[in-house]
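Take a moment to look over the chain from end to end. Then follow the text from the whole fold to one helix and one pocket.

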Amino acid sequence: MSNLIKLNIIAPGRGPITEEIISLITENSSGQIEFMRGHTPIISSTIPTISRIKTANGEEKKIFTATGIVRVKNNIIDFIVDSMNYQEEIDLRRAEESKERAEKRLKQKYNIDVLRAEKSLARAIARIRLAQG
C-alpha cells in the first residue's frame, strides 16, 4: 500500500499545483500541523508561513504560503491560499520593504487597520525567512 497522499495547491494567478507527496507541514493559529496519508478529514485555516512538502522521493520542498484553507478528505489535500511562492520567486528587497512598512504602520497608534498590518508583517517575515534560506 502506498504511503502517498495527493496535494492540490490553488493560488490566484497560477495554475493548480498537483502532486503525490508523503506529507505537508504548514501552520494554523494553534501551531504546526502535518497532513499524511490516512489523516482524519479536516478543514483548517492557515496562517502565513513556510510550508514544507515531503515529496514522493523523500526530498523536502519549502514554499511560502499566505493565509489559506486546508481541506483533507479521502487522502486528498486541497490547500487554497491567498498567495504562494517558491524560494527563487521571492524578491528579498521587496519583502524587506513590506516588513518595514508594516512595522511603521503598527507603531502608529491611530487610524490604521491593525489586523491588516499584522497580516502584512507576517507575510513579509515568512517570505524573508524563506528567501534567506
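Of the 133 residues in the chain, 38% are buried, meaning under 20% relative accessible area with a 1.4 Å probe and protein chains only. This is a predicted model, where local features need pLDDT of at least 70, side-chain atom pairs count only at pLDDT 80 or more, and totals for chains, interfaces and linings use all residues. Residues are numbered from 1 along each chain as its sequence is written, and side-chain values use heavy atoms, without hydrogens and water.

The chain has 2 helices and 9 strands. Helices are DSSP runs of H or I with at least four residues, strands runs of E with at least two, numbered from the N terminus. The order from the N terminus is β-β-β-β-β-β-β-β-β-α-α.

Now turn to α2. Why does a span of 26 Å agree with its 18 residues? At 1.5 Å a residue, 26 Å is expected, and the end C-alpha atoms of α2 are 26 Å apart. The expected span is 1.5 Å times one less than the number of residues. Buried residues of α2 include A117, L121, A124 and I128. The buried residues of α2 pack against β5 (49-55), β6 (60-65), β9 (84-86) and α1. Just after α2, G133 takes a positive phi of about 90 degrees.

Which elements give two or more residues to the lining of the largest pocket? They are α1 (92-107) and α2 (114-131). Among the lining residues are R94, R101, S120 and R127. A pocket here is an open set of points on a 1 Å grid over the protein atoms alone, where a 1.4 Å probe fits, with protein on both sides within 12 Å along at least five of seven lines; lining residues have an atom within 4 Å of a point.

Key:
Buried < 20%, exposed > 50% of the residue type's maximum accessible area, 1.4 Å probe, protein only. Contact = heavy atoms within 4.5 Å.
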